[in-house]
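Let's go through this one label by label and ask how each was earned. Have a look first.

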Amino acid sequence: MSFSRSGGRKAECFYPDPEGWDACAITEVEIHPTEDVGIIKVDLPEKVTSPIIFAPQEPFPGSEYNMWAYPDVIAKEVVHHGPLEGGLPFNPSPVYSRGYVRRKLHYSPNPNLSIYVGDNFYEVSEIGGACCSGAPLTTIAQLPGVFAIYIGEAQAERKCSYATNLMKLLDWVPSVLGKPLRYEVLGPPTGAVVSYEDGKVRKNEVGKKAP
């Protein structure tokens, strides 16, 4: 799947079914006006409720995170094990990474490189590798929440990676949705709050703020 800021190329994504994978058309694409984030509308065979939630707040430097992604080594494995005319004898598994936030940036780490679009970034410890861009970074919690989207790495000098700070974009209203992004994604269960200290969910009064 791919699209660009200059006009966008419609593509397809894959949706799992009991017998394999269905190719579903991407019917709409919209790119954020300043940040390197896009939203797509997919023509799925059935209605699906996403299990993804946003983090309750922006993680601070030193906070740990999870990331699942498909680096280019997975593509090489697919080419090696799957003949072009046949199928794979296995489903490729995403690669897991765990790291920590090094710092938050309110400017591009390198405005001379086109991969760093926008002004809201996280500098993170782990290098995902080529083709990991677009992978979500989630908090370490009982209910993991997405807070950033992986972009790429800087291995020459800093040996770290960068991700777009998604928490700064929750009030974006894409025309595809017609409402702020924050209202499209599920939050913690009604009547529960998430402690920012340990990430655990506790029953509490509705509307009471987390500590």
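Q: What does Leu 137 touch, not counting residues up to four places away in sequence, and what makes something a contact?
A: Leu 137 touches Tyr 65, Asn 66, Met 67, Val 124, Gly 145, Val 146, Phe 147, Ala 148, Ile 149, Tyr 150 and Ala 163. Contact means heavy atoms within 4.5 Å, so each of these residues passes that cut-off with Leu 137. Keep in mind that this is a predicted model, where local features need pLDDT of at least 70, side-chain atom pairs count only at pLDDT 80 or more, and totals for chains, interfaces and linings use all residues. Residues are numbered from 1 along each chain as its sequence is written, and side-chain values use heavy atoms, leaving out hydrogens and water.

Q: Why is Phe 121 called buried?
A: The relative accessible area of Phe 121 is 0%. Buried means under 20% (exposed is over 50%, partly exposed is in between, with a 1.4 Å probe and protein chains only), so Phe 121 earns the label.

Q: What makes a set of residues a nonpolar core, and which members of the largest one touch the most others?
A: The members must be buried Ala, Val, Leu, Ile, Met, Phe, Trp, Tyr or Cys, joined through side-chain atoms within 4.5 Å. The largest core has 25 residues, and Met 67, Leu 137, Phe 147 and Leu 166 touch the most other members. Strands S4 (64–69), S6 (121–124) and S8 (146–154) are the elements giving two or more residues, and S8 brings the largest share, 4 residues. Strands are DSSP runs of E, at least two residues, numbered from the N terminus. There's also a second, separate core of 6 residues, including Tyr 116, Phe 121, Cys 160 and Tyr 162.

Q: Why is the Tyr 116 and Phe 121 pair called edge-to-face?
A: Ring centres must lie within 6.5 Å to pair, and planes under 30 degrees apart count as stacked, over 60 as edge-to-face and the rest as tilted. Tyr 116 and Phe 121 sit 6.3 Å apart, centre to centre, with 80° between the planes, so the pair is edge-to-face. Tyr 116 and Tyr 162 are edge-to-face too, at 5.4 Å and 80°. That second pair links distant parts of the chain, 46 residues apart: Tyr 116 in the loop between strand S5 (95–105) and S6, Tyr 162 in strand S9 (160–165). Tyr 116, Phe 121 and Tyr 162 form one aromatic cluster.

Q: How do you know that Glu 123 and Arg 102 form a salt bridge?
A: The N to O distance is 2.8 Å. A salt bridge is a side-chain nitrogen of Lys or Arg within 4 Å of a carboxyl oxygen of Asp or Glu, so the pair qualifies. Glu 123 lies in strand S6 and Arg 102 in strand S5, so the bridge ties together parts 21 residues apart in sequence. Glu 123 also bridges to Arg 103, at 3.0 Å.

Q: Where do Glu 123 and Arg 102 stand on accessibility: buried, partly exposed or exposed?
A: Glu 123 has 4% relative accessibility, so it counts as buried. Arg 102 has 34%, so that residue counts as partly exposed.

Q: Why is Asp 171 called exposed?
A: Its relative accessibility is 58%, so Asp 171 clears the bar for exposed. The side chain of Asp 171 meets that of Arg 182 in a salt bridge at 3.0 Å, N to O. Arg 182, at 33%, is partly exposed.

Note on methods:
Rings of Phe, Tyr and Trp (its six-membered ring) pair if their centres lie within 6.5 Å; planes under 30 degrees apart count as stacked, over 60 as edge-to-face and the rest as tilted.
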